[in-house]
Structures are given as C-alpha cells and as structure tokens.
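Biologist: Hi, could you pull up the model so we can chat about it?
Modeller: Sure, here it comes.
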Amino acid sequence: MFKFLPKNEVFFDLFREQGDAIKRGVEHLQATLDDFTNVNAKLARMKEIEHEGDHITHQTFEHLNKTFVTPIDGEEIHALAKNLDDVLDIAHGAFSLLVLYKVEAPTEPAKKLVAVLVKSVEKINEALELLPRLKKENGPILELCIEINRLENEGDVIFHEALGELFDGKMDAIEIIKWKDIYQTLELATDKCEDLANIFEAIVLKNA
Amino acid sequence: MFKFLPKNEVFFDLFREQGDAIKRGVEHLQATLDDFTNVNAKLARMKEIEHEGDHITHQTFEHLNKTFVTPIDGEEIHALAKNLDDVLDIAHGAFSLLVLYKVEAPTEPAKKLVAVLVKSVEKINEALELLPRLKKENGPILELCIEINRLENEGDVIFHEALGELFDGKMDAIEIIKWKDIYQTLELATDKCEDLANIFEAIVLKNA
Amino acid sequence: MFKFLPKNEVFFDLFREQGDAIKRGVEHLQATLDDFTNVNAKLARMKEIEHEGDHITHQTFEHLNKTFVTPIDGEEIHALAKNLDDVLDIAHGAFSLLVLYKVEAPTEPAKKLVAVLVKSVEKINEALELLPRLKKENGPILELCIEINRLENEGDVIFHEALGELFDGKMDAIEIIKWKDIYQTLELATDKCEDLANIFEAIVLKNA
C-alpha cells in the first residue's frame, strides 16, 4: 500500500519567493538607515518590493483556492502567506513613516531594531528552505524557531530601552510622537516574525 | 441527477441589512463633518446605528451556529459578518474621537477620507446585492473588488498627505496627537473595506 | 448505541490554570497601583506571571496538536487559549508602560480601569470553572457572558471619560501621550475579555 504524499511544490516555491522579497525589503530599509540620502527615491524602491511581495501572496492564495490536496494544511499555507505578507507590509510602513514624519536622521535604536529584523528574516528564509523536507528537517526547523524567538526577545529589550529614552525628559513631544510610532512599527515587524516561528512550530508538530 | 444548491437566503438578507446599517452610519458621519453642530446628539445617533449593526451581526453568528448547510462556506460567512461589523465599529470609533478630543472643526483631509469611505461602502453594498447570484455575477463582483481596492489606495494617498501636513512644523503636539489618531482610524475603516473585497474575491474564486 | 463523549479533561485543567495565572497577574497590577513603590521589582514579578501563562498556553497548543478527539471544537480551544494568553500579555504590557514612561503616580481612571479588568477576569474564571459541565451549565455560562459584556461597557465609559480628561487643556502633550497609551492598553485588555465572552457564547450555542 502506498501512502500518497502530495508533492505540490508550488507552495514551497512561492514561500521562498516571498521570503526573498522580504529579505530584499528589510535589507533595503537597513541600507537606507546606513546612508540616509535620497530617501524619497529609496521609498519608491521599497514600495516596488512590497508590490512584488503582494503579487506573490496573491498567487499563493489563488493557488490555494484551486488546490484540493495540499502538502501541508491549507489553513497553515494561508497563515504562512498572510504573515509573510504582513512582515514586508509593516517594514514598508516603517519606511514610509521615516518620510512622512520628515525624519532628519535615523536614531541608533532604530538601526538596532532593523538589524534584529534582518536577522529574523534570514532565519525565516532558512526555515522556508527546509520546509519542503519537513519531517526529515523537523529538528533544524525547530532550532530556527527558537532562534527567531530569541531575536524577538532581543528586539523587545531594544524597543523598551528606546521607549525609555524617549521619555527621559530631553526630547520634545513631537519627536516622541514620531519615534514612538516608528519603534512600535519596527517592533511589530519582529513580532510578526515570531508569529511565523509559531506557525512553523505548529506545522512541525502536526507532521512529527 | 440534481445538484442541490442550498438556498438559505437568510445570510444574504442579513448581509444586506448589515450593509445598509454601515451605509447609514458612514453617511451620518459625513453629514456631521459637513454640518459640525450638535455633535454630541449626532454621536448618540451614530451609537444607535452601531447597535443596530451589532444586533444584525449577532443574528448572523447565531444563524450560522445553527445551520449545517450554508450557501457559501461558513468560514466566509463568519469573516464577512465580522468585517462588516468592524467597518461600522471603526467608523463609530472615529466619530467618538471627534467628541472625546473636543475637536472644534473637521479638517479637509478628514472630510476627504470619509468621502472615500462612503464610496467604498457603496461598492460593498453593491457586492452584497450581487452575492446571492454568485457564479452568474462573479464578473461584476470582481470588478467591484477592483474598485474597492482602488478606493483604498486613494484613501492611502490622502492619509499620507494628511500625516505629512501634521508634521510640517505648524501644528502643536496636542493637535497632532488628536488628528493622527482620527486619520488613522478613518484609514483603518477603508482598510477593512479592502479586507471585505478580499473576502468577496476568495468567495468568487471558490465558486468559479 | 452509545454516543461517545470525549472526556479529555486536560484542556479544561489547562484553561483553569491559565485563568488562575491571569487572575494573579491583574491582581498584582491592581496591588501595584494601590502601593506604587518598588515598581521595577514588581514588574519583574509580573513578567514571571506572564511567562507562566505563556508556558500554559504553549502546553494547550501542543496538546491540541496531538489530540484527535477534543471535548469542544479544536478551533475554539485554540481561540480560548490564544485570547486568554492575550489578556495576560496586554495586562503585562500596561504594567511595562508604567515603568517605561517613568510614571510617578497612577491616575484615578487607571485604577478604575484595572478594577473593571479584575472583575472581568473573575467572571472569566467562573466560566472556565463551569466549562467542563457544558450543556448542564449553559445558562450560568451565558449569564457570565452578559456580565462580562456589561463590564466591558463600564470600562468603555471610564476609558472615554479618561480620554476626555486628557484633552481638557490642563495636561501637557507628553503626559497625554503616556496616559492615552496606558488607558488604551487597559481598555484593550477588557476588550479581550469580551472576545472571550463571545467565544464562550459560541461554544454554548454549538453545544446547546
């Protein structure tokens, strides 16, 4: 008796493409913070990357709606695609705020938060790479999840220090409004990475 | 052989009622911005409309829990009802902020954002009208979805311009806090309309 | 013919443990507002309680992933665990803000909001106590849901009054930023209690 394992590799390919778009997006954000010139033009590039991501997400949803037998639960395919999309969306949102709030120079905590985000996205991409060999690679995927969780905690500490700094009495209210919003948006992006780690974990547990 | 199509029209009727309540709510918000007098009394009316919406949503959920065979997936009925409820809820929230923040006069961007919201809600109502004739009306529903997405982009541009204006150095911090919050709430309402368009699209794809 | 009713009590035990952790958390927050000394040390204690809660939630998810026949729908077990986790998470978040924003003394509205939260959590715990005797206890569970909804409305009124006070012209912008955020976080916690009431209601309706 054969146990038919659906091979439908399309989903894994789309996830890897989506992961790649996110990586390009957050690296572009990081590069912009390091060289804070022509920010408007760089935001236009970020918007392009986000649109590419949207397009891939849309393809995943369409393929999911047409596919009966999926390699992992349809629900989890949906959750993965949605949360991958959110990470890029939020990173783009943070980038927009830099422009909308007429930020003159990025702060150190902003750079640190983005560095954590870039590392989390790398770990997510490694997990997406292993996903088609689920079961065989359950161990390594779970290790990546632990690392993503650790990075989220690291981000949390940076975020809390950054917020504390905003309220140490040296900054004026308008600057506080701006940076609080930017830090929260960056923190939300690392939170979404943690949500992705939780989805990976659930997939692994279901397929153990 | 007959293919039994469940006719359960109750859901479609409830969706149309819900859509109608949202329409009355956002139009009332728009009328209030145009004639910004007796705002407290007008907020009380908005609250009534929101309660009517809540009541309909509750009926949908109750009916869903008691119904085995539904005309569209139960999951999507739930998502539709929840997101329709959210639109009215958020519009009511934006109205409340006008009162809570002791706003003296509405700004132009607020009026523009509400105008976009009113148009999106009209398109949603048109889609709810076509929903019972799904399959036959798939094309027109998808066109409405495209239009709702376009409106969300239009709202996004207005929102970004409005945020930019807040931080152009002329406004004091307390005014920035107020309007940033009001604009974000209005923008969230048009986002929810886009979520509804995505649900319509998923329903159409599943029933293509 | 027997109708096999799965007894799997593990979930109910975990829910009660989770409810107990939340109760300890919000009571600790309340005690801290009443005696606002050594707030850093008290935050560390809050963080411990939150970790205990996280651990229980994680156990629930793991058990759910390994269990085929559940006493109530898996989807609802997931929603309950997730929302219970959120309540404690958000209460911890509100506590953190007191420290991060270098608050000198809690305000009256903050104390009132926490008092409402503590009462809501008590009602949730009573409902979790009755959950294993679902069907027999449907009536009492629905009464608790009504009470939780009433408490959410009470919290809403306090929240709106508190926001109004912030904008009465006596407070400076930085204080407004701080307290608006703290009040919103506390209000969100009571909202999550209402979400839990809605889940209880859905469970009762499905098992009526």
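Biologist: Is B:K180 buried or exposed?
Modeller: B:K180 counts as buried, because its relative accessibility is 10% (buried means under 20% relative accessible area, exposed over 50%, partly exposed in between, with a 1.4 Å probe and protein chains only). This is a predicted model, where local features need pLDDT of at least 70, side-chain atom pairs count only at pLDDT 80 or more, and totals for chains, interfaces and linings use all residues. Residues are numbered from 1 along each chain as its sequence is written, and side-chain values use heavy atoms, without hydrogens and water.

Biologist: Cool, and what is B:K180 in contact with, beyond its neighbours within four places in sequence?
Modeller: A:Y101, A:I177 and A:D181 from chain A, plus B:L163, B:L166 and B:F167; contact means heavy atoms within 4.5 Å.

Biologist: Switching topic: which side chains meet in a salt bridge between chain B and chain C?
Modeller: Those of B:D181 and C:K180, at 3.1 Å, N to O. The rule finds one salt bridge across that interface (a side-chain nitrogen of Lys or Arg within 4 Å of a carboxyl oxygen of Asp or Glu).

Biologist: And how many residues of each chain are in contact there?
Modeller: 12 residues of chain B touch 16 of chain C. B:N65, B:L100 and B:I177 supply 44% of the area that chain B buries against chain C, more than any other three residues (buried area is the accessible area, 1.4 Å probe, that two parts lose on being put together, summed over both).

Biologist: What's the area buried between the two chains?
Modeller: About 1200 Å² between chain B and chain C, with carbon and sulfur atoms giving 70%.

Methods
Chains are lettered from A and ligands numbered from 1 in the order in which they are written.
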